[in-house]
Number of protein chains: 2
Amino acid sequence: MATPLPGRPVRGSRTGRPIMVLLDLLGRRWVLRILWELRDGPLKFRVLQERCEDMSPSVLSQRLKELVEARILAADAEGAYAFTEAGDRLRRLLRPLREWADEWARRVSSP
Amino acid sequence: MATPLPGRPVRGSRTGRPIMVLLDLLGRRWVLRILWELRDGPLKFRVLQERCEDMSPSVLSQRLKELVEARILAADAEGAYAFTEAGDRLRRLLRPLREWADEWARRVSSP
DNA sequence: TGCTTTTGCTACGGTTTCCGTAGCAATTAA
DNA sequence: TTAATTGCTACGGAAACCGTAGCAAAAGCA
């Protein structure tokens with residue numbers, strides 16, 4: 001399937017509006033998790049795979065291609081996957097999700 | 001499939017750690033888009049469906065059930081879907097994604 | 001140098017999820 | 001009181017995802 005890129009019509013967005021394209025991209029299986037696992041620094045393929053509960057290499061490979069094509073990730077000198085400058089700003093936006101999730105867990109389990 | 005809830009082992013998380021559960025939930029198809037479309041206020045089923053490019057009602061129905069069970073959304077007095085208090089805090093975390101996406105579009109299209 | 005292990009994937013077939021269409025009971029509008 | 005509209009559910013086909021196997025290239029070891 002085609003990588004969602006701004007301006008390009010994709011699943012769930014005929015117009016290619018950037019936010020819609022982003023939501024499509026982030027909503028693909030494992031994408032958020034991959035970004036999450038890279039939060040503390042670059043990881044290589046097999047390490048990243050095991051951090052993601054040994055996800056299927058075919059899907060990991062595909063997701064990484066998409067994220068690289070979207071300029072959110074890039075392979076560094078050692079071949080590890082790392083955030084680009086733009087990707088890093090996205091990472092910072094995602095960071096507060098952990099606190100939210102912890103609070104959510106408290107509320108949902110003890111109503 | 002089972003709704004991801006904190007503490008419950010789900011796809012991509014044996015442990016049920018809240019952040020992992022959240023990433024699984026948000027990574028399901030259309031979830032981010034649904035939350036996005038509800039950003040300016042509650043919407044009823046069919047309106048929400050058409051805002052989401054006429055997504056399949058079967059999937060919309062399932063996603064709404066999951067989001068309600070997860071206490072992120074709730075049906076209001078008129079039967080429209082609205083954020084809960086926790087859901088609203090999540091909405092605020094998602095809001096800056098639009099600016100990010102716009103900047104991303106500028107960079108990706110004019111490198 | 002040759003041998004073994006590890007790495008970064010790709011291929012492939014089975015399973016799960018998603019999708020579109022049809023339709024129906026309940027509510028609202030005319 | 002009939003006609004729309006609404007909020008779904010059912011169901012079969014399409015697409016995405018999954019696990020396993022395996023392979024070429026690089027790295028480690030002797």
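Trainee: Setting aside neighbours within four places in sequence, which residues is Leu22(B) in contact with?

Mentor: Keep in mind that this is a predicted model. A contact here takes C-beta atoms within 7 Å. By that test, Leu22(B) touches Leu97(A) and Ala101(A), once its neighbours within four places in sequence are left out.

Trainee: And how do I read the largest nonpolar core? Which residues have the most contacts inside it?

Mentor: In soluble globular proteins, nonpolar side chains tend to be buried together. In this model the largest nonpolar core has 54 residues, and Leu22(A) and Leu22(B) have the most contacts inside it. Both chains feed it: helix 1 (18-26), helix 2 (31-37), strand 2 (81-83) and helix 6 (97-109) of chain A, along with helix 1, helix 2, strand 2 (81-83) and helix 6 of chain B, each give two or more residues.

Trainee: On to the interface. How many residues of chain B are in contact with chain A?

Mentor: The size of an interface is often given as the accessible area lost when the parts come together. Here we have residue counts instead: 34 residues of chain B are in contact with 35 of chain A. On the chain B side, helix 1 (18-26), helix 2 (31-37), helix 5 (85-94) and helix 6 (97-109) each supply at least two residues. Helix 6 of chain B gives the most, with 10 residues. By class, that side of chain B splits into 21 nonpolar, four polar and nine charged residues.

Trainee: Why do the copies meet through the same surface?

Mentor: Look at the overlap: 100% of the interface residues of chain B are also interface residues in chain A, so the copies use the same surface.

Trainee: What rotation superposes chain B on chain A?

Mentor: A rotation of 180° with 0.0 Å of shift along its axis does it, at an RMSD of 0.0 Å. The two copies are therefore related as by a two-fold rotation axis. In chain B, the C-alpha of Gly27(B) is the nearest to that axis, at 2.2 Å.

Trainee: Now the DNA. Which residues come nearest to strand C?

Mentor: Of the 16 residues around DNA strand C, those are Lys44(A), Pro57(A), Ser61(A), Ser56(B) and Ser58(B). Helix 3 (45-51) and helix 4 (57-69) of chain A, with helix 4 (57-69) of chain B, each give two or more residues to this surface. Its classes are seven nonpolar, five polar and four charged.

Trainee: What surrounds DNA strand D?

Mentor: 16 residues, the closest being Arg29(A), Ser56(A), Lys44(B), Arg46(B) and Ser61(B). The elements giving two or more residues are helix 4 of chain A plus helix 3 (45-51) and helix 4 of chain B. This surface has seven nonpolar, five polar and four charged residues.

Definitions and conventions: Residues are numbered from 1 along each chain as its sequence is written. Chains are lettered from A and ligands numbered from 1 in the order in which they are written. This is a predicted model: local features need pLDDT of at least 70, side-chain atom pairs count only at pLDDT 80 or more; totals for chains, interfaces and linings use all residues. A residue is near a molecule or strand if its C-beta atom, placed from the backbone, lies within 6 Å of it. Helices (H or I, at least four residues) and strands (E, at least two) are DSSP runs, numbered from the N terminus. Ala, Val, Leu, Ile, Met, Phe, Trp, Tyr, Cys and Pro count as nonpolar, Asp, Glu, Lys and Arg as charged, and the others, Gly among them, as polar. Copies are superposed by least squares on the C-alpha atoms of residues with pLDDT of at least 70 in both. Two residues are in contact if their C-beta atoms, placed from the backbone, lie within 7 Å. A nonpolar core is a set of buried Ala, Val, Leu, Ile, Met, Phe, Trp, Tyr and Cys residues joined through C-beta atoms within 7 Å. A residue is buried if 20 or more other C-beta atoms lie within 10 Å of its own, exposed if 12 or fewer, and partly exposed in between; C-beta atoms are placed from the backbone.
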